[in-house]
Amino acid sequence: MYNVVLETMDNSTDGVTVKAYFVVAIIDLYKEKVSIYPILERIISEVDLSNPENMIPIATYNKLCNWIERKLGSSSVKISGKSVGQAAYKGLIDNKMITADDEPIKVMEALVIFASMVINDPKNRGWEIVESKNKSIVMRRTQTFNSALQFGVLEGLLHKCKGIYSPRIELVKEVKNGDEFDEYLLTWS
């Protein structure tokens, strides 16, 4: 069984930083959108993206994701999430945490560890695996990541798994509906 911490969602961002390459993965999608890109540049203007390994405030990352969701819609933020998922997958591969042949559970277990490597959080929040079955996994979001963006992240990671062609992500618990955490059911065939 997985180590599940039973607390409630803590939305504080004090002292929490994330690798800059996740912001780069998002804004690069919009470079050709002349009506959008300058706005995104203003949102991230106070952070240094010159080195993708720089740690930047997660509050800036969240502000960027939330603006995309509010102004461009949930489909756009999910597309942004797929880009973040691709960056995470590359990080998992580069750090030899997974191989291209690994099963979804191995990828999600690596994601839990990877999140703690690319996010500095004094409260050690990120991802938890609540449950794993033959063709499903329940993931709990304990970090302040944009909830809608995570659909794209998780789906993008599942798409990278060998032999997975129809991943589905469903939010089965939601903080905004009074649940303690957002929990995502990942299924595939």
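## Aromatic pairs, a helix packing and selected residues

At a relative accessibility of 19%, Thr187 counts as buried, a term that applies under 20% relative accessible area, with exposed meaning over 50% and partly exposed in between (1.4 Å probe, protein chains only). The model is a predicted one, in which local features need pLDDT of at least 70 and side-chain atom pairs count only at pLDDT 80 or more, while totals for chains, interfaces and linings use all residues. Residues are numbered from 1 along each chain as its sequence is written, and side-chain values use heavy atoms, with hydrogens and water left out.

Thr187 is found in strand E7, where helices (H or I, at least four residues) and strands (E, at least two) are DSSP runs numbered from the N terminus. Leaving aside neighbours within four places in sequence, Thr187 is in contact (heavy atoms within 4.5 Å) with Lys135, Ser136, Leu158, Ser166, Pro167 and Arg168.

Strand E7 (residues 182-187) also holds Tyr184, which belongs to an aromatic cluster formed together with Trp127, Phe145 and Phe151. The structure holds four aromatic pairs, a pair being two rings of Phe, Tyr or Trp (its six-membered ring) with centres within 6.5 Å, counted as stacked if the planes are under 30 degrees apart, as edge-to-face if over 60 and as tilted for the rest. The ring centres of Trp127 and Phe145 are 6.0 Å apart and the planes lie at 25°, so this pair is stacked. It links distant parts of the chain, since Trp127 is in strand E4 (residues 127-133) and Phe145 is in the loop between strand E5 (136-141) and helix H6 (149-160), 18 residues apart. Trp127 is buried at 6% relative accessibility, and Phe145 is buried with a relative accessible area of 8%. Trp127 also pairs with Tyr184, and because their centres are 5.7 Å apart with the planes at 65°, this pair is edge-to-face. Here too distant parts of the chain are linked, Trp127 in strand E4 and Tyr184 in strand E7 being 57 residues apart. Both Trp127 and Tyr184 are buried.

Phe151, a further member of the cluster, has the charged end of Lys78 over its ring, 4.7 Å from the ring centre; the criterion is NZ of Lys or CZ of Arg within 6 Å of the ring centre and within 35 degrees of the ring normal.

Lys78 and Phe151 also take part in the contact between helices H4 and H6, which includes Val77, Tyr89 and Leu92 of H4 as well as Leu149, Glu155 and Lys160 of H6. Helix H4 (residues 74-94) packs against H6 at an angle of about 45°, with the axes 6 Å apart.

Three residues in loops are set out below.

| Residue | Loop | Relative accessibility |
|---|---|---|
| Lys96 | between H4 and helix H5 (104-118) | 73%, exposed |
| Asn124 | between strand E3 (119-120) and E4 | 69%, exposed |
| Pro52 | between helix H2 (37-43) and strand E2 (55-57) | 38%, partly exposed |

Most residues other than glycine have a negative phi. Lys96, although not a glycine, has a positive phi of about 55°, and phi of Asn124, likewise a residue other than glycine, is positive and near 55°. Pro52 touches Lys19, Ala20 and Tyr21, not counting residues up to four places away in sequence, and its C-alpha atom is separated by 7.4 Å from that of Val24, 28 residues apart along the chain.

Terms used
Axes are lines fitted to C-alpha atoms, for helices over the stretch in contact, and angles run from 0 to 180 degrees between N-to-C directions.
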